[in-house]
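Please follow this walk through the structure below, which moves from a single side chain to a whole helix and then to a pair of packed helices.

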Amino acid sequence: MAFCYLMYSMAYLTRLFIPAEDVICKPDGLGSRLMIVNGMESTLCIIIFLIQYYFGIASHIWWLVLTLTWYLAASRKWGLEAINSIACYFHLFAWAVPAILTIAILVSGRVDSNELTGMCYVGNYDKWSLLIYIIIPMSLLLFVGEIFLLAGFAALFKIRTNLKTQIDNSNIRKLEKLMAKIGVFAILYTVPAVCILGAHVHEFMNMDIWRCLSADFTVKFGDVLTNSIPTVEIHMLKIFMSLVVGITLSMWVLSAKTIHSCERRCCRQKTSLPVIPSAHKNSYIVARPTDRAGYMQHYKFPVRHPGPHRPMHEVTM
């Protein structure tokens, strides 16, 4: 999830180096530029759309995967090995579904530009594209994820009730600390996701009204300008909420435990085999069985060579 939000924010950081006119505008042949309605006319527009939409949907799917693994561990008592055994299916689902949706949008030519942000996305001018490719996927992923999350909390509350009969309260305190951390993270994700979804629904419900009012020349220009444009505050709130989750994720990920795990993984070296003199290279057979943690352990077994009066088939180890 943190990686997805990192890539999602990179699309906004491109505005520091690439002007908006180069992304959402095209030359009209008369020395000026016109805004692109169909994003397929600009390569930069397509690239920014690919980064934003693909990793945006992937981040929501990884939220679903997170809540599913939380449910399996808390309610179904799945161990780490069991969850890791199906991790490949999680990756397949999380990376393939956004790719399918992205390809569908590109094939149907639904990419459009946004003059406020100077970027390209889907559903800026077509309300049905907004519904099919953004509102429905986000709603399903958020709803199913919340169900898994609540089911996991219900199982932990049941375990907490059973632990209260014990004299030692250390296990209860550890469990309550875990529940508090998961609960805070769930709130910090759910609230921005609901705000983003509400902003998209607001655009879907009012897009036709804004378009009709902007084309109505019988109304005074001031009234048209006031009533025919989207609320900028809601749009900016949507952008802020879509990026703030990455900050909370970085606070969650960048902990002492994570840094220690990364250091251990980066600094871990395979146990080097001892240098055996050439005269004794045939005196050892090295076996490398894998221990429970997945590391390779090295064992040496001396070989009993046949003596001058010992046949070869009697050699044993």
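In this predicted model, His-235 has a relative accessible area of 13% and therefore counts as buried, since the limit for that class is under 20%. The residue belongs to helix α9, which covers residues 232-253. When neighbours within four places in sequence are set aside, the contacts of His-235 are Asn-114, Leu-116, Thr-117 and Glu-203.

Among the elements to examine next is helix α5, whose 22 residues, 87-108, should span 32 Å at 1.5 Å a residue, and the end C-alpha atoms are indeed 32 Å apart, so the two values agree. Its buried residues are Phe-90, Ala-94, Pro-98, Leu-101, Thr-102 and Ile-105. Because an α-helix has 3.6 residues a turn, residues three or four places apart point the same way. The cover over the buried residues of α5 includes the helices α3, α4 (80-85) and α6 (127-163), together with the strands β3 (111-114) and β4 (119-122). Just after α5, Gly-109 adopts a positive phi of about 70 degrees.

Helix α3 (residues 43-74) also packs with helix α1 (residues 2-13), their axes coming within 8 Å and crossing at roughly 155 degrees. The angle is over 145 degrees, which means that α1 is roughly antiparallel to α3. The crossing of these two helices, α1 and α3, is left-handed. From α1, residues including Phe-3, Met-7 and Tyr-8 take part in the contact, and from α3 the participants include Ile-48, Phe-55, Gly-56 and Trp-62. By class, this contact of α1 with α3 comprises twelve nonpolar and four polar residues, with no charged residues.

Notes. Residues numbered from 1 in each chain as written. Predicted model: local features only at pLDDT ≥ 70, side-chain atom pairs only at ≥ 80, totals over all residues. Heavy atoms only, no water. Axes fitted to C-alpha atoms, helices over the stretch in contact; angles between N-to-C directions. Helix = DSSP H or I, 4+ residues; strand = E, 2+ residues; numbered from the N terminus. Parallel < 35°, antiparallel > 145°, perpendicular 65-115°, else oblique. Left-handed = near helix turned anticlockwise from the far one by under 90°. Contact = heavy atoms within 4.5 Å. Nonpolar A, V, L, I, M, F, W, Y, C, P; charged D, E, K, R; others polar. Expected span 1.5 Å × (residues − 1). Buried < 20%, exposed > 50% of the residue type's maximum accessible area, 1.4 Å probe, protein only.
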